[in-house]
Amino acid sequence: MLLHASSVARGGEAVLLLGPPGSGKSDLVLRLIDRGWRLVADDQVAVTAEAGLLCAAPPPALRGLLEVRGLGIFRDLAVAAPAPLRLVARLVPRAEIARLPEPETWMEAGIALPAIRLDGFAASATAALGLALDAALGLARQQAGAFAGTAGE
């Protein structure tokens, strides 16, 4: 399946960034790369099911490309792909984000992934995404919120 989305990975574990055009996907990818994450794909992500996992990769024509608004399209970036998806972040306006959200999931090919809502332009978005990935991987625990009552608890 080919999605209008972006994806990044940290330590080989990928996050899928979903949102309409202008929601901050590429901007967030750039800031995450600056924090040591690796590009999987920008603008379009090929998602496949393999051995019970969803994996993300770029379409061949877009491999290593990243659009930076105001600068243009950069090429030959290092790519961490294919990478297993562990989390989905829906980029939405701040007003659509609950202070203490209930757990959400995103499903493809019968495989469910934890999902969060995130303001892609928020200064805290990179740190919040890192914590969310840790929680999805069971490396961080929550008292209440998107991962309370899940394996990350």
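This passage walks through the nonpolar core and the two largest pockets of a predicted model. Local features need pLDDT of at least 70 and side-chain atom pairs count only at pLDDT 80 or more, while totals for chains, interfaces and linings use all residues. Residues are numbered from 1 along each chain as its sequence is written, and side-chain values use heavy atoms, with hydrogens and water left out.

The largest nonpolar core (buried Ala, Val, Leu, Ile, Met, Phe, Trp, Tyr and Cys joined through side-chain atoms within 4.5 Å; buried is under 20% relative accessible area, 1.4 Å probe, protein chains only) holds 46 residues, and L16, W106, I116 and L129 touch the most other members. Strand β8, residues 83–91, gives the most to this core, namely six residues; strands are DSSP E runs of at least two residues, helices H or I runs of at least four, numbered from the N terminus. Beyond four places in sequence, the contacts of L129 (heavy atoms within 4.5 Å) include V15, L28, W37, L87 and I116.

As for pockets (open sets of points on a 1 Å grid over the protein atoms alone where a 1.4 Å probe fits, with protein on both sides within 12 Å along at least five of seven lines; lining residues have an atom within 4 Å of a point), 26 residues line the largest, and I97, P101, R117, L118 and A128 are the closest to its centre. Helix α2 (125–136) brings five residues, the largest share of that lining.

The second largest pocket is lined by 20 residues, with S26, D27, D42, E67 and R69 nearest its centre. Here α1 supplies the largest share, four residues.

Note on methods:
Buried < 20%, exposed > 50% of the residue type's maximum accessible area, 1.4 Å probe, protein only.
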